[in-house]
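Subject: Structure handover

Hello,

Here is the structure I said I would pass on. My notes on what was found in it follow below.

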Amino acid sequence: MAAPLVPGRRHLRDGISTLIPQGVGLPDAAFSARHGLLRVVLAGHLPALAVFGMVRGYDPSHVLLEVSPILATVLAERLSRTQRWRALWVTGGLAWCSTVLVHLSGGQIEAHFHYFVVVGLIALYQRWLPFVWALGFTVASHGIGTMIAPASMFNHPAAINRPWLWAGIHGGAVLAATITQIVFWSAAEREQHRVEELSDDLVATARENASQRARFESLVANAFDGVAIVCPAGDVRWQSPAMARIMGTRPGGALVDVVREGDADRLEVALAAAGRGDASERLMVRCGTDDPRWIELSLVDLTANPDVGGIVVNARDVTAHRKAEHDLAWQAHHDALTGLPNRAKLDQLLADLATGPDADRNLAVMFVDVDDFKHVNDRLGHSVGDQLLRDVGRRLREVVRHQDVVARLGGDEFVVLCTDAGTTEEVLVVAGRIASALDDPFQIDGATVAVTASIGVALHHPDQPVEELLRHADLAMYAAKDQGRDRIEVFDHTRHLTDHRAGLHDELQVAIEVGQLRVHYQPIVSIESRAVRGLEALVRWEHPERGMVSPAEFIPLAEVTGLIVPLGTVVLETACADLVRWDPHGDTTVSVNVSGVQLQRSSFAPTVERVLAQTGLDPRRLTLEITETVVVGDDAVVGTNIDRVTALGVRLAMDDFGTGYSALVTLKRYAFDIVKVDREFVAGLSEHSSDAAIVRAVIGLAHALGMEVVAEGIEHADQLAALAAIGSDFGQGYAFGRPVALEALPPASGVGWAIAPAPAVTTAS
Ligand code: C2E
Ligand code: MG
Ligand code: MG
């Protein structure tokens with residue numbers, strides 16, 4: 001194992017090793033240059049030494065003998081293949097030249113300088129082998145030469161006597177003299193090494209750049225989308241191959257020139273905007289004349305980027321995409337067989353008409369059903385059937401106005417929608433035209449097919465939603481079918497309403513009898529203490545198909561038909577019984593709404609008496625809610641009823657106060673105990689000071705007359721606060737609770753049954 005070097009020695013060794021060259025030689029080009037020079041120098045010695053020998057008086061044959069090895073090395077060099085041998089031959093030749101020069105000069109010490117020059121020249125090879133060869137030749141030629149012919153090597157006796165010592169001295173001197181060369185050689189070698197590394201790096205970088213460039217070029221060349229660089233004026237400065245295919249542009253041409261006229265202006269504006277550095281724009285343009293291609297363009301301003309220096313335009317051909325989209329939209333809204341609008345499209349049109357600016361326009365819908373179409377299909381086959389439907393569609397289209405719509409709903413059902421339809425008579429003229437359009441038999445595949453149609457007509461009625469039109473026309477069409485086909489029926493709006501009411505009346509009667517009516521309760525709460533004062537009974541109809549139906553929908557009908565009497569009785573019975581059940585010993589009240597129709601019946605007071613007796617409810621715990629309008633008239637029966645029930649201790653509340661005729665007189669006349677302020681005023685409390693003024697006046701008046709006040713429809717915390725400030729006694733509304741079934745109410749525990757306002761409502765402002 002080698003002993004580790006101490007640091008000082010290591011530095012020395014490192015220092016020396018940097019000074020000593022590796023002798024790796026030269027790059028080919030440098031070798032050729034230097035070697036060529038040395039070869040010329042060598043060849044030049046041949047005549048020079050020959051002349052020198054003659055001048056010195058030597059015999060020409062002697063001179064020839066001495067210089068002939070020079071000629072030999074020149075020739076040998078010529079024949080050598082490798083750099084090493086060629087260098088060695090030249091080295092040997094030059095060293096021999098030194099020996100010949102010294103010899104021909106008669107051992108002149110100055111002639112020995114030639115060796116110095118030669119070894120220095122040989123160092124140019126930057127290879128150890130020629131260098132050592134030159135040094136070795138120097139030493140050997142001195143030693144051997146002195147031994148053979150001492151006087152021709154040295155002209156002083158010391159060297160002649162000690163030939164090898166002086167050979168060594170000369171060799172050492174030559175070596176010392178060429179040390180500078182060695183150091184230079186070493187530096188040159190390092191530099192060369194560095195340059196090689198650098199050039200390797202450069203080559204690698206250049207290669208990488210070239211391959212990257214090639215990659216990008218091929219990407220751009222083969223890209224599906226086109227790219228172009230355009231100057232803000234719109235001229236194409238550079239473009240990818242795809243650009244020519246997609247847009248038909250050419251370098252130097254104007255981009256807008258290939259775009260359709262209508263789109264060119266937009267493109268110009270977009271280019272100008274992009275040129276000003278506005279955010280990149282995306283726009284759709286059309287190229288080509290007959291069958292235009294749709295091109296989506298995106299513009300990015302890279303004018304400031306010196307490598308680009310323009311607006312980059314990306315172009316994508318979206319024609320197929322747009323066509324597919326268009327086809328899909330078309331298919332979704334059209335009937336594949338006839339190409340007419342389908343049900344979805346018709347519904348959409350009707351919805352647009354219903355909500356559009358001309359929502360009240362004069363519309364008519366005709367439902368056209370081909371009679372016995374099934375027969376045609378069965379008898380003549382489906383393809384004839386299909387063709388018949390296509391032909392029917394075409395004939396319908398031919399007899400209506402351009403702005404009217406002919407749609408096919410499926411099967412043999414067509415619909416004609418007329419906008420600006422005119423009077424019933426005018427619509428009937430159109431319907432007649434449609435019927436006669438089908439009079440001529442159809443010729444299909446050699447068969448003669450005669451058909452008729454049943455047509456149902458519905459005209460838009462201002463009270464009916466537009467969407468109902470189709471249903472009404474359908475009903476009329478069925479009526480036409482019922483009456484023997486091949487005819488036109490008009491939907492009778494009034495008769496339909498009567499029918500509708502009659503149907504509802506029957507249903508409601510059944511509902512009362514089989515017990516589909518439910519009573520829900522909404523708490524009436526003390527504004528100050530938040531204790532529950534009582535419950536208001538509100539009727540609901542649990543319809544087997546429609547679910548919970550609101551009283552607003554059926555109470556008016558029940559009043560018109562008189563069904564309100566049995567209905568009211570059911571509610572009264574249920575409410576009284578429920579209160580006794582819910583709060584048997586307390587003093588909470590139940591408020592029952594009573595219609596004017598009920599009060600006009602002499603049976604009303606006896607019914608109340610009976611119900612109170614049957615349920616055992618304290619009459620003072622029952623409140624009857626009556627609206628102003630009911631008691632405005634001077635009806636004797638109403639008066640008697642009211643007097644009789646109040647005599648029992650039943651209390652009276654004036655419901656929805658403020659919405660009907662102003663009835664201060666009524667308030668006074670029937671000794672109402674409670675006034676219920678309508679929710680219309682409560683709703684406006686926080687915003688309108690006039691509402692606040694009204695409520696304040698009503699409360700003041702009610703209190704002056706010794707009545708309590710219940711504010712209806714309290715939904716928000718701020719309404720509650722305002723009512724508290726104004727001095728309302730009680731409140732009712734979603735803020736305290738919605739009407740719910742008895743089972744859903746919290747148990748009544750009499751006093752202190754406080755309800756916190758619902759959180760969602762409290763936060764609302
Ligand atoms: P009403 O007697 O004025 O009853 C109050 C109505 O306001 C109820 O509607 C109730 O649900 C609703 N309401 C309560 N709090 C709020 C609130 O905070 N915000 C809003 N927006 N509404 C609230 P409902 O139950 O639909 O009853 C409507 C009307 O039908 C009643 O008005 C009453 O006139 C009548 N009615 C209900 N049940 C009967 C009944 O058994 N017989 C008679 N003759 N009429 C009844
Ligand atoms: Mg009420
Ligand atoms: Mg009310």
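**Cysteines**

Cysteine 287 is buried, with a relative accessible area of 0%. Please bear in mind throughout that this is a predicted model. Cysteine 231 is buried as well, at 17% relative accessible area. Why is there no bond from the sulfur of cysteine 287 to the closest cysteine sulfur? That closest sulfur belongs to cysteine 231 and is 18 Å away, which is too far for a bond. A disulfide requires two cysteine sulfur atoms within 2.5 Å, and the count of disulfides is zero.

**The two magnesium ions**

The magnesium ion (ligand 2) has as its protein donors Glu536 (OE), Asn593 (OD1), Glu625 (OE) and Asp655 (OD), at 2.1 to 2.3 Å. Along the sequence these donor residues follow the spacing E-x56-N-x31-E-x29-D. Distant parts of the chain are linked here: glutamate 536 sits in strand β14 (residues 532-543) and glutamate 625 in strand β17 (residues 622-627), 89 residues apart. Both of these glutamates, 536 and 625, are buried.

For the magnesium ion (ligand 3), the protein donors are Asp655 (OD), Asp656 (OD), Glu712 (OE) and Glu712 (OE), lying 2.0 to 2.5 Å from the ion. The spacing of the donors along the chain is D-D-x55-E.

Which residue bridges the magnesium ion (ligand 3) and the magnesium ion (ligand 2)? Aspartate 655 does, and the two ions lie 3.9 Å apart. Aspartate 655 is buried, at 6% relative accessibility, while aspartate 656 is partly exposed at 25%.

**Salt bridges**

The model has 30 salt bridges. One of them involves a magnesium donor: glutamate 625 pairs with lysine 676, with 2.5 Å between the closest N and O atoms. Glutamate 625 is in strand β17 and lysine 676 in strand β19 (residues 674-677), so this pair ties together parts 51 residues apart in sequence. Both glutamate 625 and lysine 676 are buried. Through shared partners, salt bridges join Glu536, Glu625, Lys676 and Glu712 into one network. Glu536 and Glu625 in that network are donors of the magnesium ion (ligand 2), and Glu712 is a donor of the magnesium ion (ligand 3).

Two other salt bridges are listed here with the exposure of their partners.

- Aspartate 404 and arginine 401 meet through their side chains at 3.0 Å, N to O. Aspartate 404 is buried at 3% relative accessibility, whereas arginine 401 is partly exposed at 32%.
- Aspartate 618 and arginine 620 form a salt bridge at 3.0 Å, N to O. Aspartate 618 is partly exposed, with a relative accessible area of 28%, and arginine 620 is exposed, at 56%.

**A nonpolar patch and helix α9**

Leu12, Ile16, Leu19, Ile20, Leu175, Ile179 and Val183 make a nonpolar surface patch of about 580 Å². Two or more of its residues come from each of α1 (7-19) and α9 (179-222). Which element gives the largest share of the nonpolar patch? It is α1, with three residues. Leucine 19 is in helix α1 and is partly exposed, with a relative accessible area of 44%.

Helix α9 has 44 residues and spans 63 Å from its first C-alpha to its last, close to the 64 Å expected at 1.5 Å a residue. Its buried residues are Ile182, Trp185, Ser186, Ala188, Glu189 and Gln192.

**Backbone and a contact across the chain**

Most residues other than glycine have a negative phi. Aspartate 420 has a positive phi of about 50° although it is not a glycine. It is located in the loop between β8 (413-418) and α16 (424-437), and is partly exposed at 45% relative accessible area. Arginine 485, also not a glycine, has a positive phi of about 65°. The loop between α17 (468-482) and β12 (488-490) holds arginine 485, which is partly exposed at 37% relative accessibility.

Finally, aspartate 352 is in helix α13 (residues 343-355) and is partly exposed, at 43% relative accessibility. Its C-alpha atom is separated by 9.6 Å from that of valine 466, a residue 114 positions apart from it along the chain.

Regards

Definitions and conventions: Residues numbered from 1 in each chain as written. Chains lettered and ligands numbered in written order. Predicted model: local features only at pLDDT ≥ 70, side-chain atom pairs only at ≥ 80, totals over all residues. Heavy atoms only, no water. Buried < 20%, exposed > 50% of the residue type's maximum accessible area, 1.4 Å probe, protein only. Donors = N, O, S within 2.8 Å, 3.2 Å for Na, K, Ca; no water. Patch = residues over 30% accessible without salt bridge, like charges linked within 9 Å, V, L, I, M, F, W, Y side chains within 5 Å. Areas by Shrake-Rupley, 256 points an atom, 1.4 Å probe, with all protein chains shown as cover. Salt bridge = Lys/Arg side-chain N within 4 Å of Asp/Glu carboxyl O. Helix = DSSP H or I, 4+ residues; strand = E, 2+ residues; numbered from the N terminus. Expected span 1.5 Å × (residues − 1).
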